[in-house]
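Subject: Structure for your review

Dear colleague,

I am passing on the structure we spoke of, together with some notes on what was found in it. Please read the notes with the structure open beside them.

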Amino acid sequence: MSAKEPWSISFKCAIENREIFEIIGVSCFISPVAVCSGTQNGMSTTGDPENHYKLMKERYTGCNIVMGNLEIILMQHTRDFSFLQSIKEVTGHVVFAMNEFSRLPLDNLRVIRGNNLYEDRYALAVMLNYQKDGQHGLQELGLTNLTEILEGGVQIFDNKYLSYAPQVNWLDIVKDASLPLSPYANSNFNANSHFIDFCVPHCTLTSLEGQQTSFSVSVTKTVCAPQCNSRCFGRNPSDCCHVECAGGCNGPLDTDCFACKNFNNSGSCVLQCPQTLIYNKQSFKMERNPNAKYQYGSICVAQCPPNFVVDGSSCVRNCPADKMEVDKNGAKRCEPCRGLCPKGNHFISSNIGMLLLITRNICYTKLRFNAHGAVILFAYYLNIQSWPKSLSNLSVFSNLQTIQGRKLYSGYSFLVMNIPSLTSLGLRSLQKLNDGGVYITKNKNLCYYNTVNWMRIISSPQKQQNSRVIKENRKAEQCDADGHVCDPLCADGCWGAGPDQCVSCNKYSRGGTCVSDCMFLTGTRREFATKSGECLPCHPECKVQEGMKTCTGPGADQCVACSSLQDGPHCVSSCPDGVMGGEGVIFKYASKQGRCETCHMNCTQG
């Protein structure tokens, strides 16, 4: 694995014999499990079934904890789901709907946290899993090790081939017995059903015909001794799990838990992660904790992953309304706003037709626009499926530089679909998709899309090859024939016509427009070029030179010569006169050579 992908390395390191480790760059980073992002697409999918399956397989392969929802929707019976065997925990809800497979291999799923509930009620929903005109469908739940649902109820209905339907003691699994439990309502089960007699720790599945199948089920709450506060690994009073355990345990310690009720700190289940400030009993003061960690879902981490920011002691996708995101000591943090939070960095212009928070999912459907291109960043994704007929491009987002992809739409962070009015994208400032892919399809008049070097824009190297679905737009040869081609000054393609629509420039750029040369030797205001090729003006105190460059950089100390006076290495308009210095008031005078010289120490008025 390349050191250029530190976070992807950290989530793929091995975990054996409780020797839990991860590597970020060259430093050791403690975190107990491999984490992946879930989805919140509901009953919708993007793209064809093959692409939908590939995205799901890429997302969940090797994943232990799903941060969000596990949604398995519209899957054929021929698919291989063995990649789901690694999943042990889901922080949101789990939904299986409208599938044709007979069984999902989620045997290692221990805990559903229910932080986000399906229909605001259910942590687990299994429904309509059968082939409409065929014999395939869900026959077995496959949740053989699910022992804890921390929030939310259970709903299972209309799975007409579900034969292996054990009479699960859901009261042992759910946290709150008053939650909605409708596990078999309206279900058309196969009459030859199988049932389970619960026992600790193992038991045998016996069918009505007397056949036996190896099966493993644990009851970890309702059979516990009264002395146990939560779950247990046996019936004796000494067989109680630690109070911070979730889903059961194999011993009494906080390191013996199957999962953690609150947080996992390097393999130990704790009430809270090591705090950023600790009380010093000797000095009677709160001091910074050198061993502090941040809450990332249910894990304690030494640093937050990319695309997350630090808010107090937590890793969050975006800052709350009364805080703003700042870079502090090389890390992104949420800091309280001084007065009103600046709207320019967080909002789209209210003239768009409605006010939309940038750090929310941006999904435009039939909105009226009159914007000014003020947006520079989307924290989640940009999904455009309807657009005003009067607009031929997306130039209302002409200042958009980054789509962070902290949440994705079916694996994509930028989607444009079925917009007949579009002739170009017009995203002249877009430089980076931090996560997620590109889905541009069925825009029958769209040109220039084929010129863009998406490899330059999509940040994740491992996703560059598999995260671009660009098809059924206007054919490239038709666009070329009509003159819809990039300007000769463009490099890496373009977003539309003209030198101001280039992805990058062959030579130089000025104010976002590609140019053939900077004003090194001509013009009243001379320029220099940055390492990236951007033309910027010399400092106003630089003296314009004839036949040679006027400056080497933007500072007053980077002039070849001064137009007025020189104080040390800096060009100035006047010498210091009565300004406060480190050892008193400073007075200087201008010499015949145009240099600022210090007055005699006895001078008091210059």
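**A glutamine in a loop**

If neighbours within four places in sequence are left aside, Gln-131 is in contact with Glu-100, His-136 and Gly-137. Before going further, I should say that this is a predicted model, and that the values below are computed from it. Gln-131 has its place in the loop between strand E11 (122–127) and E12, and it counts as buried because its relative accessibility is 18%, which falls under the 20% limit used for that class. Its side chain also reaches the backbone nitrogen of Gln-135, at 3.4 Å.

**The chain as a whole**

The chain holds five helices and 48 strands, and of its 606 residues 48% are buried. Among the contacts in the chain with a separation of 6 or more, 50% are accounted for by residues 24 or more positions apart.

**The parallel sheet and strand E13**

Five strands form an open sheet in which the order is E5-E6-E8-E10-E12 and the pairing is parallel. At its edges are strand E5 (35–37) and strand E12 (148–149), each of which pairs on one side only. Within the sheet, strand E8 (residues 89–90) and strand E10 (residues 111–112) pair in the parallel sense over two bridges, and Glu-89 stands opposite Val-111 in E10.

E11, the strand that precedes the loop of Gln-131, pairs with E13 in the parallel sense over five bridges, and the bridge partner of Val-126 in E13 is Ile-156. Strand E13 (residues 153–157) is itself mostly covered, with five of its five residues buried. In a regular strand the side chains alternate between the two faces of the sheet. In E13 both faces are covered, since the buried residues are Gly-153, Gln-155 and Phe-157 on one side and Val-154 and Ile-156 on the other.

**Helix H2 and its surroundings**

Helix H2 (residues 49–60) has 12 residues, which at 1.5 Å a residue should span 16 Å, and the 17 Å between its end C-alpha atoms agrees with that expectation. At the start of H2, a side-chain oxygen of Asp-48 reaches to within 3.1 Å of the backbone nitrogen of Glu-50, while just after the helix Gly-62 takes a positive phi of about 75°.

The buried residues of H2 are Asn-51, His-52, Tyr-53, Leu-55, Met-56, Arg-59 and Tyr-60. These buried residues pack against E5, strand E6 (65–67), strand E7 (70–73), strand E34 (412–417) and strand E37 (468–471), and two of those partners, E5 and E6, also belong to the open sheet described above.

**A cavity lined in part by H2**

A search of the whole structure finds three cavities of 30 Å³ or more. The second largest cavity contains about 130 Å³ of space, and it is lined by 13 residues, of which Thr-39, Asn-41, His-52, Glu-71 and Ser-410 lie nearest its centre. H2 and E7 each supply at least two residues of this lining, and H2 gives the most to it, with five residues. His-52 therefore appears in two places in these notes, as one of the buried residues of H2 and as one of the residues nearest the centre of the second largest cavity.**Two partly exposed residues**

Which element sets the place of Thr-530? Thr-530 lies in the loop between strand E42 (527–529) and strand E43 (535–537), and it is partly exposed, with a relative accessible area of 24%. Its side chain makes a polar contact with the side chain of Ser-532, at 3.0 Å. Thr-530 and Pro-554 are 24 residues apart in sequence, and their C-alpha atoms are 9.4 Å apart in space.

Cys-603 lies in the segment after strand E48 (596–598) and counts as partly exposed, at 33% relative accessibility. Its C-alpha atom is separated by 8.0 Å from that of Phe-587, and the two residues are 16 residues apart along the chain.

With best regards

Terms used: Residues are numbered from 1 along each chain as its sequence is written. This is a predicted model: local features need pLDDT of at least 70, side-chain atom pairs count only at pLDDT 80 or more; totals for chains, interfaces and linings use all residues. Side-chain values use heavy atoms; hydrogens and water are left out. Two strands pair if DSSP finds at least two bridges between them. Helices (H or I, at least four residues) and strands (E, at least two) are DSSP runs, numbered from the N terminus. Buried means under 20% relative accessible area, exposed over 50%, partly exposed in between (1.4 Å probe, protein chains only). A polar contact is a pair of N or O atoms within 3.5 Å; within protein, one must be able to donate a hydrogen and the other to accept it, and residues adjacent in sequence count only if both atoms are side-chain atoms. Contact means heavy atoms within 4.5 Å. The expected span of a helix is 1.5 Å times one less than its number of residues. On a 1 Å grid over the protein atoms alone, a cavity is a set of points where a 1.4 Å probe fits but cannot get out, and a pocket is an open set with protein on both sides within 12 Å along at least five of seven lines; lining residues have an atom within 4 Å of a point. Grid points are joined across faces, edges and corners, and a volume is the space filled by probe spheres set on the points.
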